[in-house]
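Got the model open in your viewer? Let's take a walk through it, one selection at a time.

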Amino acid sequence: MNSIHYQAVQGLKENWKQFSLLVVINALVGSMIGLERSIFPEYASTIFGIESNSAFLTFIIVFGISKAISNYYAGKYANRLGRKNLLVLGWIIVLPVPLILAFTDSWLIVLLANLLLGVSQGLTWSSTVIMKIDLVGPKNRGLAMGLNEFAGYLAIGITAYFTANLASNFGVRPIPFLIGFGIALLGLYLSFFFLKDTTRFIRVEKTDSKKEEKNNVLWNTTLRSPNLSSITHAGLVNNLNDGMIWGLLPLLLIQKEFSLNEIGKLIAIYPLVWGMGQLFSGKIADIISKKFLIVFGMIIQGFAIIILAYSNSFSQFSFTSIVLGIGTAIVYPTFLAAISDETHPEVRAESVGVFRLWRDLGYAFGAILSGWIADNFGLELAIVSVGMLTIASGIITQLRMTREAFFRKIEINN
């Protein structure tokens with residue numbers, strides 16, 4: 001492995017090669033989730049005979065909890081163990097997952113595979129986020145997060161569409177999942193041989209930071225700090241609604257009698273718009289109020305989700321998915337950029353990890369809540385309930401976060 005030393009100078013232009021490599025790697029990380037995104041209802045029903053909404057959604061619950069815990073420890077130990085080491089470990093952990101999904105005959109083993117997938121996602125996605133923040137410094141933090149999340153979620157959408165087509169032509173397994181094994185090998189190869197660790201960059205930034213370093217990062221990010229905890233709460237609700245969309249939208253489309261090919265296209269729209277939109281929203285978060293973007297994006301999402309429950313035609317679902325994707329694109333890179341702005345460089349990785357802990361627990365909460373409502377009161381009410389909760393989260397954020405100027409001024413000490 002090449003161990004060339006390089007000067008730790010922050011900036012997107014100065015570190016564009018490593019930054020670009022991280023964008024590619026995060027696209028591969030996102031692709032591993034996209035493998036399941038459109039075909040899992042058919043996979044669970046055809047291979048394992050699972051029809052209950054709650055039983056089906058157990059795979060999202062396991063994924064969400066394991067990813068959330070992995071996020072926290074990735075942030076907590078990023079300084080001590082190194083970002084690159086955590087990234088490489090994440091790829092090693094995910095290697096057997098596609099093979100398990102392709103050949104197992106046990107739903108419990110499927111759940112174990114999703115637990116490993118969650119752990120891997122926490123390590124790999126967290127590492128790429130933290131490394132990009134290290135590289136670019138405070139000036140382009142929103143842009144960096146926009147590019148990171150753009151790559152990941154665009155890859156989710158493309159892979160979801162691609163695997164749905166493969167499933168239509170060749171069956172739900174093994175071919176769609178075997179693609180994932182190749183993706184994991186490529187991600188491991190690029191991360192191990194070509195990526196340099198970025199821990200040294202925080203030593204440069206912390207000398208100029210005006211943020212107070214605080215000891216109890218978990219408590220501050222979760223509850224104590226009005227700004228950090230508001231961002232964290234909104235992130236949790238955002239992924240709560242994404243967990244519901246992941247699990248219940250394919251079931252709703254099946255109930256509306258769409259074909260597997262049509263379902264693949266409709267499922268792909270939301271993450272594609274979400275991914276591409278972050279190319280713009282991330283940079284916007286460097287210019288205007290992050291509080292405004294979070295509140296505005298959450299409310300847009302909420303109304304789009306409510307409308308989604310009452311859509312019927314392909315065009316209606318397409319339009320609503322586009323609006324939902326725009327709302328999510330507005331908030332997603334803004335969350336991470338806002339957390340970074342509010343923390344001292346020495347504890348930033350841990351604070352990002354705490355945020356991602358709660359944010360990705362939203363997957364589990366969303367699956368449990370929406371699955372229970374769907375089983376007892378129907379899919380439509382489950383979807384509407386989550387939409388209303390998302391709007392409420394936007395209102396709470398408006399009330400709790402500190403007021404800031406609409407146009408932001410970033411001071412950078414050279």
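Start by selecting Lys 67, which is buried, with a relative accessible area of 3%. Keep in mind as you look around that this is a predicted model. Which residue does Lys 67 form a salt bridge with? Add Asp 360 to your selection: the closest N and O atoms of the two are 2.4 Å apart. Asp 360 sits in helix H17 and Lys 67 in helix H4 (residues 58-76), so this pair ties together parts that are 293 residues apart in sequence. Is Asp 360 buried or exposed? At 0% relative accessibility, Asp 360 counts as buried.

Stay with Lys 67 a moment longer and bring up Trp 125. Lys 67 lies over the face of Trp 125, at 5.9 Å from the ring centre. For another charge over a ring, pick Lys 132 and Phe 19: the charged end of Lys 132 sits over the Phe 19 ring, 5.8 Å from its centre.

**Next stop: Arg 83 and Asp 134**

Select these two and you'll find another salt bridge, with the closest N and O atoms 2.7 Å apart. Arg 83 is in helix H6 (residues 83-94) and Asp 134 in helix H8, so to speak two distant parts of the chain, 51 residues apart, linked by the pair. Both Arg 83 and Asp 134 are buried. Now add Arg 359 to Lys 67 and Asp 360: salt bridges that share partners join these three into one network.

Keep Arg 83 and Asp 134 on screen, as both are among the residues that line the largest cavity. To see the rest of the lining, add Ile 130, Ile 133, Ile 202, Pro 345, Arg 348, Ala 349 and Val 352. The space they surround has a volume of about 50 Å³, and the model has 3 cavities of 30 Å³ or more. Which helix gives the largest share of the lining? That's H17, with 4 residues. Helix H8 (107-136) and helix H17 (345-377) each supply at least two lining residues. Colour the lining by class and you get 6 nonpolar, no polar and 3 charged residues.

**Over to Arg 37**

The structure has 8 salt bridges by count, and one of them joins Arg 37 to Asp 242, with the closest N and O atoms 2.6 Å apart. Arg 37 belongs to helix H1 (residues 16-37) and Asp 242 to helix H13 (residues 226-255), so the pair ties together parts that are 205 residues apart in sequence. Arg 37 is buried, at 3% relative accessible area, and Asp 242 is buried too, at 0%.

**Last stop: the rings**

How many aromatic pairs does the structure hold? There are 25. Try Tyr 189 and Phe 193, a tilted pair with 5.3 Å centre to centre and 50° between the planes. They are 4 residues apart in helix H10 (residues 175-194), about one helical turn. Tyr 189 is partly exposed, with a relative accessible area of 42%, and Phe 193 is partly exposed at 43%.

Now switch on Phe 192 as well. The ring centres of Phe 192 and Phe 193 are 5.0 Å apart and their planes meet at 85°, so this pair is edge-to-face. Phe 192 counts as partly exposed, at 32% relative accessibility.

To finish, select Phe 40, Tyr 43, Phe 48, Phe 59, Phe 63, Trp 107, Phe 177, Trp 246 and Tyr 363: ring pairs link them into a cluster.

Methods. Residues are numbered from 1 along each chain as its sequence is written. This is a predicted model: local features need pLDDT of at least 70, side-chain atom pairs count only at pLDDT 80 or more; totals for chains, interfaces and linings use all residues. Side-chain values use heavy atoms; hydrogens and water are left out. On a 1 Å grid over the protein atoms alone, a cavity is a set of points where a 1.4 Å probe fits but cannot get out, and a pocket is an open set with protein on both sides within 12 Å along at least five of seven lines; lining residues have an atom within 4 Å of a point. Grid points are joined across faces, edges and corners, and a volume is the space filled by probe spheres set on the points. Ala, Val, Leu, Ile, Met, Phe, Trp, Tyr, Cys and Pro count as nonpolar, Asp, Glu, Lys and Arg as charged, and the others, Gly among them, as polar. A salt bridge is a side-chain nitrogen of Lys or Arg within 4 Å of a carboxyl oxygen of Asp or Glu. Buried means under 20% relative accessible area, exposed over 50%, partly exposed in between (1.4 Å probe, protein chains only). Rings of Phe, Tyr and Trp (its six-membered ring) pair if their centres lie within 6.5 Å; planes under 30 degrees apart count as stacked, over 60 as edge-to-face and the rest as tilted. A charge sits over a ring if NZ of Lys or CZ of Arg is within 6 Å of the ring centre and within 35 degrees of the ring normal.
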